[in-house]
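Open the model in your viewer and keep the sequence panel beside it. The stops below say what to select next and what is there.

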Amino acid sequence: MSLPADDALARDEPLVERLHAQGVRMLLLQFTDLEGVAKGKLLPLAQLPAVLAEGAGFAGPSIVGTGLPRSGPRSEFHARGDATTAQPLPWWPGVARLVGDGFVDGQPFEACPRQVLRRQLARLAARGWRLQTGLEPEFFLLHPAAHAPADARDGLAKPSYDLQALPRQAPFLQDLHDALQACGFTLLQIDHEDAHGQYELNFLHDDALATADRLMLFKLAAQALAERHGARFSMMPKPFAGQPGSGLHVHASLWEGERPRDDLLGAFVAGVLAHAEGLTALAAPTVNSYRRLGAVDSITGTTWAPAVVAHGPNNRTALVRTLPGRFEWRAPDSSANPYLISAALVAAGLDGIDRALPLPPAVEADLSETPPPAHARPLPRHLDAACDALAADDVLTAALGPVLTTQFLRLKRAEHAEAAAQVTPWEVARYATRF
């Protein structure tokens with residue numbers, strides 16, 4: 001339902017006036033579906049108060065993972081705007097993004113990923129705690145018409161920190177930097193990563209909800225600006241065989257007010273390790289994800305992806321890399337939904353704290369070169385096995401809720417089955433005339 005424009009303006013005049021003064025004429029009301037894809041619609045700025053109060057309507061069954069019916073009061077998905085997220089988009093003059101929370105039939109929609117994260121953060125807040133996270137998106141710049149790096153000259157044997165390729169992408173990277181800075185990001189670094197055409201951008205940590213919102217804004221900016229510069233932006237976990245894939249490493253710390261709760265991090269990490277297999281379904285949610293997690297070698301000498309459940313001090317080959325005052329969870333890849341991995345991380349960590357779980361022995365050895373210790377369980381090797389682990393994990397499924405859990409498992413099992421039915425070019429080349 002929309003309010004008359006005059007009434008709407010009167011109810012939220014300061015924000016409307018501020019955005020209007022910044023040249024905003026339209027709102028991009030954006031929400032995130034189950035698969036971590038940004039969705040939304042454009043609305044006139046005058047609709048802002050109605051969007052904040054009641055939300056804008058979308059056909060529920062048209063959104064991936066809602067499980068909503070085609071008729072009746074529960075067929076309509078409303079994205080209700082969060083006023084704190086209103087942000088003009090530098091690359092889209094006259095438009096401001098507004099992040100929406102999902103509501104159905106007037107109530108918070110339990111299968112909205114942002115609502116799932118809100119629920120878990122409320123559990124922390126009830127104890128006086130909050131989770132700060134920093135997400136590190138890795139991504140590829142691909143050729144607009146071929147499955148190849150956008151930069152044909154990007155071909156070093158060890159491409160990390162390549163200062164030959166980096167300047168050639170400077171126009172895109174500078175535009176991305178400027179756009180994100182204008183959106184309030186505190187950027188820390190941009191570098192060429194360890195695969196051809198691969199880059200990483202880091203921005204300052206924040207409370208988990210704000211960080212997830214920023215990750216979605218980063219994707220919107222990067223997609224638009226890469227296209228403008230004649231490239232395709234890709235967060236596919238592993239586009240090229242024999243090269244490292246793209247992670248979305250999560251740095252996490254626990255706080256009580258302005259005081260870090262380092263004393264709780266051991267049990268929190270123990271909870272993450274205890275639920276590692278189920279977490280992997282959310283952290284590595286595509287068939288392609290397991291090309292990254294299951295890789296044993298790459299042209300650069302390492303895959304940078306964990307294979308077993310272990311933790312270690314500054315150990316980038318472990319599932320959890322421990323650092324002073326924080327830890328890094330290295331399973332998530334760039335296809336992961338930032339709201340769901342953050343929510344599941346909270347649920348696993350709280351379970352570790354509530355059960356006072358002890359940490360297993362730390363691993364300092366390079367796990368890509370030495371056999372793992374006996375206590376280090378293997379991570380799931382394919383999507384279906386990860387789904388089995390998630391389905392059996394009562395802590396994680398309770399955090400996700402029955403609707404989202406059912407939808408996620410249904411979609412991902414279907415994805416695994418579809419992939420398993422394919423005959424790949426590798427199989428044709430290897431077997432067609434062999435026998």
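Select F103 in strand β6 and P108 in strand β7: these two residues are bridge partners. The model you are looking at is predicted. Now widen the selection to all of β7, residues 107-108. Strands β6 and β7 run antiparallel and are joined by 2 bridges. Together they form a hairpin with 2 residues between the strands. Click on D105 in that turn, where phi is positive, at about 55 degrees.

**Along β6**

Next, select the whole of β6, residues 95-104. Are its residues buried or exposed? Of its 10 residues, 10 are buried. Show the side chains and look at which way each residue points. V95, R97, V99, D101 and F103 point one way, while A96, L98, G100, G102 and V104 point the other way. In a regular strand the side chains alternate between the two faces of the sheet. Both sets in β6 are buried, so neither reaches the cut-off of 20% relative accessible area, under which a residue counts as buried.

**The other partners of β6**

Add strand β1, residues 26-32, to the selection. β1 pairs with β6 in the parallel sense, over 5 bridges. To find your place, look for L28, which stands opposite R97 of β6.

Now add strand β4, residues 76-81. β4 and β6 run antiparallel, with 5 bridges joining them. Select G81 here; its bridge partner in β6 is G100.

Then add strand β5, residues 87-88. β5 also pairs with β6, in the antiparallel sense and over 2 bridges. Return to R97 and find Q87, which stands opposite R97. The hairpin of β5 and β6 has 6 residues between its strands. One of the residues to click on is G94, which takes a positive phi near 90 degrees.

**Two cavities**

Turn on the display of internal cavities, if your viewer has one. How many cavities of 30 Å³ or more does the structure hold? There are 2.

For the second largest, select Q30, F31, T32, V99, G100, C112, P113, R114 and Y339, which line it. β1, β6 and α4 (113-125) are the elements that each give two or more residues to this lining. β1 gives the most, with 3 residues. The volume of this cavity is about 40 Å³. By class, its lining has 5 nonpolar, 3 polar and 1 charged residues.

Move to the largest cavity, with a volume of about 50 Å³. Its lining has 13 residues, and D33, I63, T66, A111 and P113 are the ones nearest its centre. The lining divides into 9 nonpolar, 3 polar and 1 charged residues.

**The nonpolar cores**

The last stop is the packing of nonpolar side chains. In soluble globular proteins, nonpolar side chains tend to be buried together. Select F218, F327 and W329: in the largest nonpolar core, which has 116 residues, these three touch the most other members. Helix α7, residues 208-228, supplies the largest share of this core, 12 residues.

Centre the view on F218. What does F218 touch, leaving out residues up to four places away in sequence? Its contacts are P137, F139, L176, L180, F185, L201, F233 and M235.

Finish with A310, A318, V363 and A376, which are among the 6 residues of a second, separate core.

How values were computed. Residues numbered from 1 in each chain as written. Predicted model: local features only at pLDDT ≥ 70, side-chain atom pairs only at ≥ 80, totals over all residues. Heavy atoms only, no water. Buried < 20%, exposed > 50% of the residue type's maximum accessible area, 1.4 Å probe, protein only. Helix = DSSP H or I, 4+ residues; strand = E, 2+ residues; numbered from the N terminus. Pairing = 2+ DSSP bridges. 1 Å grid on protein atoms, 1.4 Å probe; cavity = no way out; pocket = protein on both sides within 12 Å on 5 of 7 lines; lining within 4 Å. Points joined across faces, edges and corners; volume = space filled by probe spheres on them. Nonpolar A, V, L, I, M, F, W, Y, C, P; charged D, E, K, R; others polar. Core = buried A, V, L, I, M, F, W, Y, C linked by side-chain atoms within 4.5 Å. Contact = heavy atoms within 4.5 Å.
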